Amino acid sequence: MPRCPYCGSEINSIKYEEVIGGGIRVYELTLNKDENNIDYHLLRENVIITEKRYKCPICEKDLIDVISDLGDVIRFLRGNTNSK
Ligand SMILES: [Zn+2]
């Protein structure tokens, strides 16, 4: 299992954060089966992401030196941290 280069913990996931700078999500709202709550159905989304952060789930350090996109996440979680 890959290890966080900062805290040394074995990790099998990455904490992924998207900073949203604006945009819109459009939903259709309907009653749920029991008619006591609302179901949200996402119809359309046009969200402006201004920053993406890939973090260690244990120590929360930003892994920007190791991971800069989803391909890096796959390589890292497979354990191929040196093949960037
Ligand atoms: Zn860590």
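Reader: How many bridges join β1 to β2?

Author: In this predicted model, the strands β1 and β2 run antiparallel to each other. One pairing can be picked out by name, since Glu28 has His41 in β2 as its bridge partner. The number of bridges that join β1 to β2 is 16.

Reader: Which residue in the hairpin of β1 and β2 takes a positive phi?

Author: The hairpin has six residues between its strands, and the loop in question lies between β1, residues 15-31, and β2, residues 38-55. A residue in this loop has a positive phi of about 55 degrees although it is not a glycine. That residue is Glu35.

Reader: Does Glu35 count as buried or exposed, and why?

Author: A residue is called exposed if 12 or fewer other C-beta atoms lie within 10 Å of its own. Glu35 has 7 C-beta neighbours inside 10 Å, and therefore the residue counts as exposed.

Reader: Where is Glu60, and what is its phi near?

Author: Glu60 is placed in the loop between β2 and α1, the latter covering residues 70-78. With 13 other C-beta atoms within 10 Å, Glu60 is partly exposed. Glu60 is a residue other than glycine, yet its phi is positive, near 70 degrees.

Reader: What pattern does the protein chain follow when read along the sequence?

Author: The protein chain has one helix and two strands. Read from the beginning of the sequence to the end, these elements give the pattern β-β-α.

Reader: Why is the protein chain said to be more spread out than a compact globule?

Author: For 84 residues the globule rule gives 12 Å, and the radius of gyration of the protein chain is well over that value, so the chain is more spread out than a compact globule. Along the principal axes, the C-alpha atoms fill a box of roughly 50 × 30 × 20 Å. The radius of gyration itself is 18 Å.

Reader: How many residues of β2 are buried?

Author: Across the protein chain, 8% of the 84 residues count as buried. β2, with its 18 residues, is hardly covered, and its count of buried residues is zero.

Reader: Which residues make up the largest nonpolar core?

Author: The largest nonpolar core has seven residues in all, and one of them is Ile67. Leaving aside neighbours within four places in sequence, Ile67 is in contact with Ile14, Tyr54, Asp72, Val73 and Phe76. The members of the core are Cys4, Ile14, Cys56, Leu63, Val66, Ile67 and Phe76.

Definitions and conventions
Residues numbered from 1 in each chain as written. Predicted model: local features only at pLDDT ≥ 70, side-chain atom pairs only at ≥ 80, totals over all residues. Helix = DSSP H or I, 4+ residues; strand = E, 2+ residues; numbered from the N terminus. Rg over C-alpha atoms; globule rule 2.2 N^0.38 Å. Buried ≥ 20, exposed ≤ 12 C-beta atoms within 10 Å, placed from the backbone. Core = buried A, V, L, I, M, F, W, Y, C linked by C-beta atoms within 7 Å. Contact = placed C-beta atoms within 7 Å. Pairing = 2+ DSSP bridges.
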